[in-house]
Amino acid sequence: MKNGINIGFALIFLLTSSNSLAAQNTKRALKVDDLFAINKIAEPQISPDEKWVAYTITSSDLTKDKSETRVWMSPAKGGDALPMTAKGYSASEPRFSPDGKYLSFIAKRSESGDDKKDSEDKPQVWALNRLGGEAQQLTSVKQGVSGYEWSPDGKQLLLLIKDPQPFELTEDKEDDKKPRPHVIDRLQFKLDYEGYLDRYRSHLYVYTPHSDIAPRQITSGDFDDSQPAWSPDGKSIAFVSNRTNEPDSNANTDIWIVSADNTDKGATLFQLTTNPREDDSPVWSPDGKSIAYSTITASQKLMWYATNELALVSAKGGEASLLTPELDRNIIQPTFSADGRQVFFVLEDSGEQNLASVSVKGGSIKQHVKGEMEIEAYAMHGKTTVVLSSKREQMAELYTVDSAKLVPLTTTNQALMAQLNLATTENIHYKSADGTEIEAFVTKPLGFNPAMQYPLILHPHGGPVAQYSFAFNFQAQLLAANGYVVLQPNPRGSSGYGQDFSQAIFADWGNLDFQDVMAGVDYLVAQGYVDADKLGVGGWSYGGILTNYVITKSTRFKAAISGASEALMRSNYGHDQYQQGWEIELGLPWENAAAWEKISSFNDVAKITTPTLWMGGGSDWNVPILNSEQMYQAMKRLGRQTQLVVYPGEFHGINRPTFQKDRFERYLSWYNQYIKGIAPDSTLH
């Protein structure tokens, strides 16, 4: 009888396993083209009655070679999602009017049946009546609107508008298209995606929809204003601005308050914060008596290596209090609870981004949604909380929070997920050369067998002040689907591990971070499943910069891909957008040349033996293509295996779908050729 039970159990187990394997076999490995089937959710907003959640979905079309963003809406308790904007144009910044009657958004489109307007090709605010009908255009600003918020009573709109250039105010549309010289007199004169900077600034306006009265300007000056927030009573507006004597020379942003009925264009302002570093992300308490915000209190010298803290200040001014003085982790997007007793925020910590809160009186931090995930955004209203979250094997979706549990709200990528056999990712910790503990993520090939040896791709992240997290990572999945082990470490310089960990590489790039990533490679080789003779490395931005250090300091790698990287540092001064950061970290290049040359991997280019693919956007002013061109030229002159790929018209991020496809196909072709010995993809020219 005992044997019979065992045999029966074995048969059931075998049948169950067979069914499971059959289901698994119906799935397929991830492909490059799957990138364009992923729908990217953003900007969740909860309706005043808490019955609906609006959000945006960005999708890509390879055939049309463009991406498009639409506004959608889902019942807060679950159910079928409804598209609120049509195909053919992009919409963003969905907002519910305070009475819940309208769902508004920003878009470039013209009203059906209307004659062409001067402002039709500029972004304007539109509103949909939720009872039905076509969207109605609420603003008609000639130079367009870059942001907006409803007043608490729903009678007015707060608009963010950039100062018009003279030609934008003329009736001659052909004149708008004429090229004009860039006249430059600013210290900071370049910015990626924007180009050359001028003196036309972004300011705040108040506008009454359906009124013949033009928007009323309530701030002005040679300063940019951003992140406006209405007070609960609708009488005041808090905003962020750097109004120092020379804003381009420092990162000092403060929170200011202007009256909503201001008539002197903001000549009369109240400065709420005076901290010499960044104060931003202001939110009003429900009673309007205080403002919570994100602040940096570390010295200017620590730049982006410093940690964001949470602060609270009376709306009447006075000394601010730090609510998280002992946290030593970044806080993101502060929001008051409905009763005003707590401030919620996203907490970045050791590869996770969770939803946490702290009392307005300070004290211990409470985590409401925690675990191995990344919360990318969230919204709170009344008793309803919605988070946008992803995991290593789950693309980002919206969830409602029910007693710390996540209840799925959207299934935007469910159909795609059902087709895919995704690789598993392991969270590991190892010791660097000096004993420092380093965290990393290892994505293993499909059908992974620990008894076998696989090629490895070391994939450093950008930043450097950033972190690999438990979020879904397309590139790791793609490489694993093609037979590679993928190592994504968080070396020193990364965020999520405290300020000291982050600032450890200050003015010393390519030293401790190099040791940290190489220790990760050694750790995996020691596990026995990585082939030490088949190593590759590659990253983008600082990931490319660290790749340059790896291949100039080590000859162990068979292939490298350096995307949007820096190499000859002094050549970037006055050419990229980081003059302020360079001066703080390295000093003036003509006064402290040794510091600049110390971290310039170009000086060791002759040591590179690894076949290297250099890539970047032709219009990138974050990390200019100049760097990749110089490294390519040097390697070519030295007779090394190398190639340069420049994407015309692209900035630091590659946005055109066909270029995105090309980039990933080149990744696979380059690694396959030099690590696996596979002939290069003949379709890539």
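**Exercise 1.** In this predicted model, D434 forms a salt bridge with R492. Work out how far apart the closest N and O atoms are, and which parts of the chain the pair ties together.

*Solution.* Start with the atoms: the closest N and O of D434 and R492 are 2.8 Å apart. The cut-off for a salt bridge is within 4 Å, so this pair fits. Next, find the two residues along the chain. D434 sits in the loop between β31 and β32, while R492 is in the loop between β34 (485-490) and α5 (499-503), so the bridge ties together parts that are 58 residues apart in sequence.

**Exercise 2.** Is R492 buried or exposed? Then do the same job for D434.

*Solution.* Buried means under 20% relative accessible area. R492 has 8%, so R492 is buried. D434 has 45%, which makes D434 partly exposed.

**Exercise 3.** Describe the salt bridge between R201 and D224.

*Solution.* First, the distance: their side chains meet at 2.9 Å, N to O. Second, the location: R201 is in the loop between β12 (195-196) and β13 (202-207), and D224 is in the loop between β14 (216-217) and β15 (225-230), 23 residues apart. Third, the surroundings: R201 counts as buried at 3% relative accessibility, whereas D224 counts as partly exposed at 34%.

**Exercise 4.** Which residues are linked with R201 and D224 in a network of salt bridges?

*Solution.* Look beyond the pair: D185, R199 and D222 join R201 and D224 in the network. To finish, zoom out: a search of the whole structure turns up 21 salt bridges.

Definitions and conventions. Residues numbered from 1 in each chain as written. Predicted model: local features only at pLDDT ≥ 70, side-chain atom pairs only at ≥ 80, totals over all residues. Heavy atoms only, no water. Helix = DSSP H or I, 4+ residues; strand = E, 2+ residues; numbered from the N terminus. Buried < 20%, exposed > 50% of the residue type's maximum accessible area, 1.4 Å probe, protein only.
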